[in-house]
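Okay, thanks everyone, I'll keep this informal. Have a look at the structure first, and then I'll walk you through a few spots in it.

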Amino acid sequence: MDKQDLPAAFVRQMEPLLGSDTEAFLDSYEQPRTHGLRFNSLKLADVPQLKEALIREFGLTPVPWCRAGYYYGENVRPGKHPYHTAGLYYIQEPSAMSAVELLDPQPGETILDLAAAPGGKSTHIASKMKGEGLLVSNEIHPERAKILAENIERMGITGAVVTSAAPDELSRRFPQAFDRIMLDAPCSGEGMFRKDPGALAEWTPELVELCAARQWDILQEAYAMLKPGGTMAYSTCTFNRSENEDMMERFTAHFADMDIIEMRRLWPHRELGEGHFVALLQKRGEAGAPNLEASPSERQRPRKKGRSGSGRAGTGLQDAQSALKAFQSWADEELPDFTLPAGTPILFGESLYLLPGGELLQEQQLQGLKVPRAGLHLAHLKKNRIEPAHALAMALSLQKAAKRITLAAEDPQVYAYLRGETLPVDASLKGWVLAAVDGLPLGWGKASGGQLKNHLPKGLRQH
């Protein structure tokens with residue numbers, strides 16, 4: 001883009017912030033945008049050799065602030081590779097990787113990603129949690145929440161629940177419940193100008209004010225959900241002080257028990273990235289069990305009226321236990337080395353999920369919430385028979401399946417499978433088969449008569 005296309009009000013806003021660096025910053029808009037991907041450690045553990053192969057194939061170079069992050073060139077198309085479909089990596093702007101690195105999630109914690117779509121930060125958090133603990137990934141917009149759920153599924157994450165709720169709706173249900181909170185706040189998107197002409201066209205000083213007002217509302221709800229002793233990362237992909245340092249100063253002035261631990265800026269003229277702001281904050285007090293009763297100060301704080309979505313009701317614990325028993329019988333045959341993760345069985349219609357979270361997250365707390373993904377989707381119950389869910393395939397190691405086929409990435413059959421086509425297989429192969437590319441599961445097929453009927457969900461098929 002031409003720096004002359006930048007709004008004059010934006011340039012005036014940046015001058016006092018950058019001083020003598022202003023010209024170098026403005027010149028950066030005439031440079032190509034940066035591209036990055038982040039390897040998924042949850043998948044990489046089974047196929048470590050694929051990382052080095054991709055580094056060579058894609059010409060990847062390391063992102064300094066994220067060990068799992070790499071830059072790729074403008075002409076590389078990692079989104080078209082079957083390893084992307086298999087969840088080996090997530091395509092993410094390099095600067096954005098800094099937020100979760102600063103948050104530093106740990107295995108076994110209870111973590112909230114409050115504005116999570118499309119899933120870059122949630123999938124990063126989950127990889128650091130190593131399959132232990134609970135991640136609640138929330139996105140208020142239903143269509144974006146659906147994309148978030150698909151990315152959680154693609155990356156093979158088992159301990160995440162995807163909700164689609166307003167922040168105040170969540171804070172009423174989960175007061176002081178989370179060890180860590182990631183708030184990648186909706187912002188005016190000044191760091192998106194190089195990659196998204198729409199962000200440039202929409203920017204106005206009034207938009208900055210509108211975003212700052214929205215951020216303030218969301219921050220108050222985030223505060224209510226953070227445990228004493230807990231930490232929160234607040235991030236934006238914008239540059240002005242109103243949405244960044246000024247917002248953090250206002251927040252810590254209003255909530256006297258919140259301390260700023262660190263603030264970082266990544267600038268596009270100093271680092272290879274589009275730019276990002278991250279602040280790490282901590283709530284004073286002793287860390288302890290979640291307080292599921294709102295504190296007096298929280299009860300006194302005025303609340304906006306909740307906008308509860310109509311959650312899909314479960315069909316009762318007894319039915320869910322029966323469904324789990326049926327699934328376990330199926331798994332004993334088809335997945336002999338598979339161990340169910342910790343969780344509570346829950347039914348949504350004919351779909352069996354394993355809800356993580358123990359005492360913090362019970363089925364009744366989900367009533368009235370829109371929940372695109374209630375943990376790990378195990379199976380569909382079809383006329384008293386088990387049909388394994390696609391999410392289960394993506395969460396498995398290939399070795400767990402009794403019957404499996406693995407194809408090489410360059411085999412045309414891989415792309416035929418991803419298009420939803422039937423594949424030829426050995427005539428002796430019968431029943432549910434886990435299809436994979438170079439050891440990475442892609443989905444299920446059902447073998448009969450020398451053919452593998454494709455069970456890749458229609459919405460995920462490539463054309």
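I'll go through two sets of strands, one buried asparagine, some aromatic rings and a proline.

One thing up front: this is a predicted model, so please hear every number as a computed one.

Let's begin with the open sheet. It has four strands, in the order β12-β13-β15-β16, and the pairing is antiparallel. Which strands sit at the edges? Those are β12, residues 344–348, and β16, residues 385–388, each of which pairs on one side only. On average, neighbouring strands here are turned by 30° against each other, if you ignore direction.

Now let's walk across that sheet. β12 pairs with β13, residues 351–355, in the antiparallel sense, and there are five bridges. If you want a residue pair to click on, take Ile346, whose bridge partner in β13 is Tyr353. Next step over: β13 and β15, which covers residues 376–382, are antiparallel as well, over four bridges. There, Leu354 has Leu376 in β15 as its bridge partner. And then β15 to β16, again antiparallel, joined by four bridges. Across that pairing, His380 stands opposite Glu387 in β16. β15 and β16 make a hairpin with two residues between the strands, and Lys383 takes a positive phi there, near 50°.

Okay, moving along the chain to β19, β20 and β21. β19 is residues 431–437, and it pairs with β20 in the antiparallel sense over seven bridges. Val433 is opposite Gly445 in β20. These two strands form a hairpin with two residues between them, and Asp438 in the turn has a positive phi of about 50°.

How much of β20 is buried? Seven of its nine residues are, so this strand, residues 440–448, is mostly covered. On to its pairing with β21: four bridges join β20 to β21, and they run antiparallel. The pair to look at there is Lys446, which stands opposite Lys453 in β21. This one is a hairpin too, with two residues between the strands, and Gly449 has a positive phi near 60°.

β21 brings me to my favourite residue here, Asn454. The strand covers residues 451–454, and Asn454 is in it. Is Asn454 buried or exposed? Its relative accessibility is 8%, and the cut-off for buried is under 20%, so Asn454 counts as buried. What does its side chain reach? The backbone oxygen of Glu421, at 2.9 Å. Leaving out residues up to four places away in sequence, Asn454 touches Ala416, Tyr417, Gly420, Glu421, Trp444 and Arg461. So Glu421 turns up both as a contact and as the owner of that backbone oxygen.

Right, aromatics. The count comes to 21 aromatic pairs. One of them is Tyr234 with Phe277: the ring centres are 6.5 Å apart and the planes are at 75°, so this pair is edge-to-face. Tyr234 lies in β9, residues 226–236, and Phe277 in β11, residues 276–283, so the pair ties together parts that are 43 residues apart in sequence. Both rings belong to buried residues: Tyr234 has 0% relative accessibility, and Phe277 has a relative accessible area of 1%.

Compare that with Phe239 and Trp267, a stacked pair, with 5.4 Å centre to centre and 15° between the planes. Phe239 is in the loop between β9 and α12, and Trp267 is in the loop between β10 and β11, so this pair links parts 28 residues apart in sequence. Phe239 and Trp267 are buried. They also belong to one aromatic cluster, together with Phe10, Phe25, Tyr29, Phe193 and Trp203.

While we're on rings, there are a couple of charges to point out. The charged end of Arg250 sits over the ring of Trp216, 4.0 Å from its centre. Likewise, Lys283 has its charged end over the ring of Tyr223, at 3.9 Å from the centre.

Last stop, Pro16. It's in helix α1, residues 8–18, and it's exposed, with a relative accessible area of 69%. How far apart are the C-alpha atoms of Pro16 and Thr85? They're separated by 45 Å, with the two positions 69 residues apart along the chain counted as their spacing.

That's my tour, so over to you for questions.

Definitions and conventions:
Residues are numbered from 1 along each chain as its sequence is written. This is a predicted model: local features need pLDDT of at least 70, side-chain atom pairs count only at pLDDT 80 or more; totals for chains, interfaces and linings use all residues. Side-chain values use heavy atoms; hydrogens and water are left out. Buried means under 20% relative accessible area, exposed over 50%, partly exposed in between (1.4 Å probe, protein chains only). A polar contact is a pair of N or O atoms within 3.5 Å; within protein, one must be able to donate a hydrogen and the other to accept it, and residues adjacent in sequence count only if both atoms are side-chain atoms. Contact means heavy atoms within 4.5 Å. Two strands pair if DSSP finds at least two bridges between them. Axes are lines fitted to C-alpha atoms, for helices over the stretch in contact, and angles run from 0 to 180 degrees between N-to-C directions. Rings of Phe, Tyr and Trp (its six-membered ring) pair if their centres lie within 6.5 Å; planes under 30 degrees apart count as stacked, over 60 as edge-to-face and the rest as tilted. A charge sits over a ring if NZ of Lys or CZ of Arg is within 6 Å of the ring centre and within 35 degrees of the ring normal.
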